[in-house]
Amino acid sequence: MSFDEIDPERLRQRRSAKWVHYGPELLPCWVAEMDYAVAPAIRAELQRAIDYDDYGYPAYSREQLVPEAFAERMAQRFAWRIDPADVLLLSEVVQGLYLSLLALSAPGAGVLVQTPIYPPFLSCVRETERRLLLSPLVEQGERYGIDFEQLSAQAPEARVLMLCHPHNPTGRVFERAELHRLAELAIEHDWLVLSDEIHADLVYPEREFQPFASLAPEVARRTITFSSASKAFNIAGLRCAVAHFGTPELRARFEAFLPAHARGGVGLLAQQATLAAWSDSDEWLANALRQLDSQRQRLQVRLRERLPAVKMYSPEATYLAWLDCRGLQLEQSPGSFFRHHARVALNDGAAFGPGFEGFVRLNFATSAGILDEIVERMAGALSGA
Ligand SMILES: Cc1ncc(COP(=O)(O)O)c(C=O)c1O
């Protein structure tokens, strides 16, 4: 299947959150799932399980294969050399974020979060009863950047920095200089850094990704890095993630907090699909990125033509566009407006932190035709409003 030939009727057969949640009347472009077929190697692994009725327990002897594939990938792609023995298998990145706060910080501890932010970062701090320290990213021309002055003022109160790199929803890939300034603050104030790097494989050609922990050994020592094949290879429902611990001590405290059986195991199919993604799907990934890049540019052009009052922050990574809809001067939230009047389901900005009520997030990982339909529906709602 080509990335641009997607049959909407086939998509409607899916039972995933994106396609089920709002029902058939709405065109969904909210949650981070892609409309594309998975890589052939992943499909072959899943098909193999069906052919052999291979739905049993994963073998202990194969448990290190995913950590090994992750370590190899980090070395090849980002020249970050790590020991697979420091990598733990989890079922979700978000699970890892929650457990890290619970295991490695005290109740009430200050946790820095750079808003607007992927909403589970906010619920993670609130539900573990840590103290949310909001550090809003600021507009710097056509993109968002870090307000280091504000961050430095908050720094002494913080115990943890929750970094989202590349950043969801702004699409920023933080540059070396920005990462170094963050690292300096982390060292000076003895922060634990939780670096969610799940979108690292989806960086567009004009940017270069650097894992935060790879900056220097003294940075790695205070960092836990999270990743998964779920975003870049479109297998979020399978549930497999990894955490890399900068020291054996961090790992030991994490594991002691909740023993392996209490954390829950990662299924055989999830492990096999992740191995196929990380070891045998780079050609597919390169093609997916080309499609996404063209979708990103198409969206920018279409919005300028059809919804010129909407400002798009063109992402440097991933397939989520952060749209400032305040210029539309709607009387309700833009997410609700477009759901009701355009039959398009976007993510409402309010969920990404205070002050972002006038924004929406749009997932453009689909075909050109479906993307055009999304924009046409939105434009039509405005002309009829
Ligand atoms: C930044 C970020 N972290 C984590 C996740 C979810 O990962 P998981 O399903 O492994 O918890 C997403 C999903 O969109 C995400 O964008």
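## Ligand shell, sheet and helix packing

By class, the residues of the shell around the ligand divide into 8 nonpolar, 3 polar and 3 charged. The model described here is a predicted one. In it, 14 residues surround the ligand, and the closest are Ala32, Glu92, Val93, Val94 and Asn168.

The sheet is open and consists of 7 strands in the order 2-10-9-8-7-3-4, with mixed pairing. Strand 2 (87–90) and strand 4 occupy the edges, and because each has a single partner strand, one side of each is left without a neighbour in the sheet. From one strand to the next, the twist averages 20°.

Within this order, both senses of pairing can be illustrated. Strand 9 (residues 223–227) and strand 10 (residues 241–245) run antiparallel and are joined by 4 bridges, and phenylalanine 226 has alanine 243 in strand 10 as its bridge partner. Helix 6 packs on the sheet, where it touches strand 3, strand 4 and strand 7 (158–164), and its direction makes about 175° with that of strand 3. Strand 3 (residues 110–113) and strand 4 (residues 131–134), by contrast with the antiparallel pair, pair in the parallel sense over 4 bridges, and valine 113 has leucine 134 in strand 4 as its bridge partner. Together with helix 6 (residues 120–127), strand 3 and strand 4 make a right-handed β-α-β unit.

A further contact is that between two helices. The axes of helix 5 (residues 93–104) and helix 10 (residues 248–257) come within 9 Å and cross at roughly 100°, which means that helix 5 is roughly perpendicular to helix 10. On the helix 5 side, Leu99, Ser100, Leu102, Ala103 and Leu104 take part, and these meet Leu250, Arg253, Phe254 and Phe257 in helix 10. By class, this contact of helix 5 with helix 10 has 7 nonpolar, 1 polar and 1 charged residues. Val93 and Val94, listed among the closest residues to the ligand, fall within the range of helix 5 (residues 93–104).

Two cis peptide bonds deserve a separate note, and they are set out below.

| Residues joined by the cis peptide bond | Omega |
|---|---|
| threonine 115 and proline 116 | about -5° |
| histidine 165 and proline 166 | about 0° |

Proline 116 lies in the loop between strand 3 and helix 6, whereas proline 166 is found in the loop between strand 7 and helix 8 (176–188). Another backbone feature concerns aspartate 190, a residue other than glycine whose phi has a positive value, near 55°; aspartate 190 is located in the loop between helix 8 and strand 8 (192–196).

How values were computed. Residues are numbered from 1 along each chain as its sequence is written. This is a predicted model: local features need pLDDT of at least 70, side-chain atom pairs count only at pLDDT 80 or more; totals for chains, interfaces and linings use all residues. A residue is near a molecule or strand if its C-beta atom, placed from the backbone, lies within 6 Å of it. Ala, Val, Leu, Ile, Met, Phe, Trp, Tyr, Cys and Pro count as nonpolar, Asp, Glu, Lys and Arg as charged, and the others, Gly among them, as polar. Two strands pair if DSSP finds at least two bridges between them. A crossover is right-handed if, with the strands pointing away from the viewer, the path from the first strand over the helix to the second runs clockwise. Axes are lines fitted to C-alpha atoms, for helices over the stretch in contact, and angles run from 0 to 180 degrees between N-to-C directions. Angles under 35 degrees count as roughly parallel, over 145 as roughly antiparallel, 65 to 115 as roughly perpendicular and the rest as oblique. Two residues are in contact if their C-beta atoms, placed from the backbone, lie within 7 Å.
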